[in-house]
Amino acid sequence: MVVPMRVYKAVTVFTTLFAVVTVVGGFVVLDTATNRARASFSEIDPLLALVGIALIVAGAAAYAFSTRFRADGMGKSKDDTDEDSDNG
């Protein structure tokens, strides 16, 4: 998706920040749920562990979504049909 450079910069900065915070937070929550991976299976808090995994997935999804944006002049995506097909 081609957007103006100002929008591209804002999307890139804020989604990267969101992704980093949620992934790190997800690992912290998962670490807490498993008592630093020392808890036996019966001592693990499954709800907290699922919240941690959900945070990690949300951060990864946000980052993956942000990579779909590009600004004018950044090159063509592989899906554009107006590229030359002569490989050389």
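This report describes the fold, the two helices, the loop between them and selected side-chain contacts of a predicted model.

## Overall architecture

The secondary structure of the protein consists of two helices and two strands. Along the sequence, these elements are arranged in the pattern β-α-α-β.

Of the 88 residues of the protein, 22% count as buried. The accessible surface comes to about 6,800 Å², and carbon and sulfur atoms account for 64% of that surface. When contacts between residues at least 6 apart in sequence are considered, 65% of them join residues at least 24 apart.

## Helix 1

Helix 1 covers residues 5-33. Its 29 residues should span 42 Å at 1.5 Å a residue, and the end C-alpha atoms are 41 Å apart, which agrees.

The buried residues of helix 1 are V11, T15, A19, T22, G26, V29 and A33. Helix 2 is included in what covers them.

## Helix 2

Helix 2 comprises residues 46-66. For its 21 residues, a rise of 1.5 Å a residue gives an expected span of 30 Å; the end C-alpha atoms are 30 Å apart, in agreement with that expectation. The buried residues of this helix are A49, G52, I56, G59, A62 and S66. Viewed down the axis of helix 2, these buried residues fall within an arc of 160°, so they line one face of the helix. An α-helix has 3.6 residues a turn, so residues three or four places apart point the same way.

The cover over the buried residues of helix 2 includes helix 1. On the face turned away from the buried side, helix 2 carries the exposed residues P46, L47, L50, V57 and F65.

## Contacts between the helices

T22 lies in helix 1 and is buried, because its relative accessible area of 10% is under the 20% cut-off. Leaving aside neighbours within four places in sequence, T22 is in contact with L55, I56, A58 and G59. Of these contacts, I56 and G59 are listed among the buried residues of helix 2. The side chain of T22 also makes two polar approaches to backbone atoms: the backbone oxygen of F18 is reached at 2.8 Å, and the backbone nitrogen of G59 at 3.5 Å.

L48 belongs to helix 2. With a relative accessibility of 30%, L48 counts as partly exposed. Residues up to four places away in sequence not being counted, L48 touches V29, T32 and A33. Two of these residues, V29 and A33, belong to the buried set of helix 1. The C-alpha atoms of L48 and G26 are separated by 9.7 Å, the two residues being 22 residues apart along the chain. G26 is also one of the buried residues of helix 1.

## The loop between the helices

Just after helix 1, N35 takes a positive phi of about 55°. R36 likewise has a positive phi of about 55°, although R36 is not a glycine. A37 has a positive phi of about 65° and is not a glycine either.

R36 is placed in the loop between helix 1 and helix 2, and A37 is found in that loop as well. R36 counts as exposed at 59% relative accessibility. A37 is also exposed, with a relative accessible area of 68%. The cut-off applied to both residues is over 50%.

## The aromatic pair

How many aromatic pairs does the structure hold? The structure holds one. The rings of F65 and F69 have centres 5.4 Å apart and planes at 85°, so the pair is edge-to-face. The plane angle is decisive here, because angles over 60 degrees count as edge-to-face.

Are F65 and F69 buried or exposed? F65 counts as exposed at 51% relative accessibility, whereas F69 counts as buried at 14%. F65 is one of the exposed residues on the face of helix 2 turned away from its buried side.

How values were computed. Residues are numbered from 1 along each chain as its sequence is written. This is a predicted model: local features need pLDDT of at least 70, side-chain atom pairs count only at pLDDT 80 or more; totals for chains, interfaces and linings use all residues. Side-chain values use heavy atoms; hydrogens and water are left out. Helices (H or I, at least four residues) and strands (E, at least two) are DSSP runs, numbered from the N terminus. The expected span of a helix is 1.5 Å times one less than its number of residues. Buried means under 20% relative accessible area, exposed over 50%, partly exposed in between (1.4 Å probe, protein chains only). The arc is that of the directions from the helix axis to the C-beta atoms. Contact means heavy atoms within 4.5 Å. Rings of Phe, Tyr and Trp (its six-membered ring) pair if their centres lie within 6.5 Å; planes under 30 degrees apart count as stacked, over 60 as edge-to-face and the rest as tilted. Accessible areas come from the Shrake-Rupley method with a 1.4 Å probe; for residues, only the protein chains shown count as cover. A polar contact is a pair of N or O atoms within 3.5 Å; within protein, one must be able to donate a hydrogen and the other to accept it, and residues adjacent in sequence count only if both atoms are side-chain atoms.
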